[in-house]
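Please look over the structure below. A short report follows.

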Amino acid sequence: VQLQASGGGLVQAGGSLRLSCAASGTIFSINRMAWHRQVRGKQRELVAVITGDGTTNYADSVKGRFTISRDNAKNTVYLQMTSLKPEDTAVYYCNLNGRRSYYNVAMDYWGAGTQVTVSS
């Protein structure tokens, strides 16, 4: 399973960005897809997650500003980020938890990450 993230970049505070992450390869089922972020020197943190039935959860710091969505037909997850703040600056990683076949156990897969920089 490969994850390709895109959409990062430089934006001014108050602006918006939309991240996309497309999963490819052999995928039998997906339990959940999520976005995490990491600032250099700090632990990676969960930003938003969407389960197979569409249930979403967000970190308190992004609630009301970020929206996670998913296109099941394309195995793609999106993160719409609005009202961006300088503290949102980080490398954003896409994550998929799923199975490659009926006989495989669920595993976590990670994309390479995309940089988001919010200037003040």
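Phe-28 is partly exposed, because its relative accessible area is 45%. Partly exposed lies between buried (under 20% relative accessible area) and exposed (over 50%), with a 1.4 Å probe and protein chains only as cover. This is a predicted model: local features need pLDDT of at least 70, side-chain atom pairs count only at pLDDT 80 or more, and totals for chains, interfaces and linings use all residues. Residues are numbered from 1 along each chain as its sequence is written, and side-chain values use heavy atoms, without hydrogens and water.

Phe-28 sits in the loop between strand E3 (17–24) and strand E4 (29–38). Strands (E, at least two residues) and helices (H or I, at least four) are DSSP runs, numbered from the N terminus. The protein has eleven strands and zero helices.

Phe-28 also joins Tyr-102 and Tyr-103 in a nonpolar surface patch of about 450 Å². Such patches take residues with over 30% relative accessible area and no salt bridge, with nonpolar side chains (Val, Leu, Ile, Met, Phe, Trp, Tyr) joined within 5 Å. A salt bridge is a side-chain nitrogen of Lys or Arg within 4 Å of a carboxyl oxygen of Asp or Glu. Areas come from the Shrake-Rupley method with a 1.4 Å probe.

Now the whole protein.

| Property | Value |
|---|---|
| Exposed area of the protein | about 6600 Å² |
| Share of that area from carbon and sulfur atoms | 47% |
| Buried share of the 120 residues | 37% |

The C-alpha atoms fill a box of roughly 50 × 25 × 20 Å along the principal axes.

Definitions and conventions:
Patch = residues over 30% accessible without salt bridge, like charges linked within 9 Å, V, L, I, M, F, W, Y side chains within 5 Å.
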